[in-house]
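Here are two short exercises to work through with the model open. Try each one before you read its solution.

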Amino acid sequence: MKMFNFIPYFSFLLLVVHLNVLASESAEQRKLKNKIHNFSSKNIDTDMSTKWSLMGLYLEKYDDNYTFIKNPKLKMFNSNLITNISSETAIDPTGEMSEIYLKSNVLVNRNNSSNGNTVKLYTSYAIFYLSKDLIETDRAVTIITSDSITTGNGLSANLDKGLITILSDAERTIKEDDQTQTIKGNQMIYNTKTGEWIVKNKPASNLKKSIRNKVSTTFNLN
């Protein structure tokens, strides 16, 4: 009976080891195609307007188009909105600038020239979907505006719509007329276009779980 239980388990271990070896071999087979120091690039639309610009300390491009960027600085242009995104490292797995994986000291700085509003967002890991103007993470986040500091766990920020959602454990501290007020909620939504906050008692558990799975897999986190 013990042998019957042991054999499938041992086979499973062999399968896991085999898959790990294949993954390791795949990584080893990836070959550096090009390396550019102090690089910069731009994406220009048909109207000759710059949609985004990207620069960094160096860029490594591999034969499968996997791209690693050190100290990336990405600037997004959308009408009167300018969004600066930076981190210590970034990975573009396809080389097509559709998804960028940001790691360590992730900063998002969004400026609205029409009303002078500035929003700063800090976290440790994030996935940025350029085609959707969407930033997501399940990590701790801090959002700073002109009159408040808000913290929480998990984030889904639609930059195009101007909606920033803290998924759980949200706490906002407001400073106004030398007075401080603290608001807590399981979920908070901030509209950067109107400056309004919405507090919800129910956390966005399903969305946070979905984002956690993607972040954990992407960055190989437990």
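Let's call a residue buried when it has under 20% relative accessible area, exposed when over 50% and partly exposed in between (1.4 Å probe, protein chains only). Helices (H or I, at least four residues) and strands (E, at least two) are DSSP runs, numbered from the N terminus. The model is a predicted one: local features need pLDDT of at least 70, side-chain atom pairs count only at pLDDT 80 or more, and totals for chains, interfaces and linings use all residues. Residues are numbered from 1 along each chain as its sequence is written, and side-chain values use heavy atoms, with hydrogens and water left out.

**Exercise 1.** Find the buried residues of helix 2 and work out how they are arranged around its axis.

*Solution.*
- Step 1: pick out Lys208, Ile211, Val215, Ser216 and Phe219, the buried residues of helix 2.
- Step 2: look down the axis of helix 2; these buried residues fall within an arc of 130° (taken from the directions from the axis to the C-beta atoms), so they line one face.
- Step 3: turn to the face pointing away from that buried side, where you'll meet the exposed Asn206, Lys209 and Thr217.
- Step 4: check the cover over the buried residues, which includes strand 7, strand 8, strand 9, strand 10 and strand 11 (contact means heavy atoms within 4.5 Å).

**Exercise 2.** Measure helix 2 along its length, then see what comes just after it.

*Solution.*
- Step 1: count 15 residues in helix 2.
- Step 2: go from its first C-alpha to its last, and you get 21 Å, close to the 21 Å expected at 1.5 Å a residue (1.5 Å times one less than the number of residues).
- Step 3: just past helix 2, spot Asn220 with a positive phi of about 55°.

Methods: Arc of directions from axis to C-beta.
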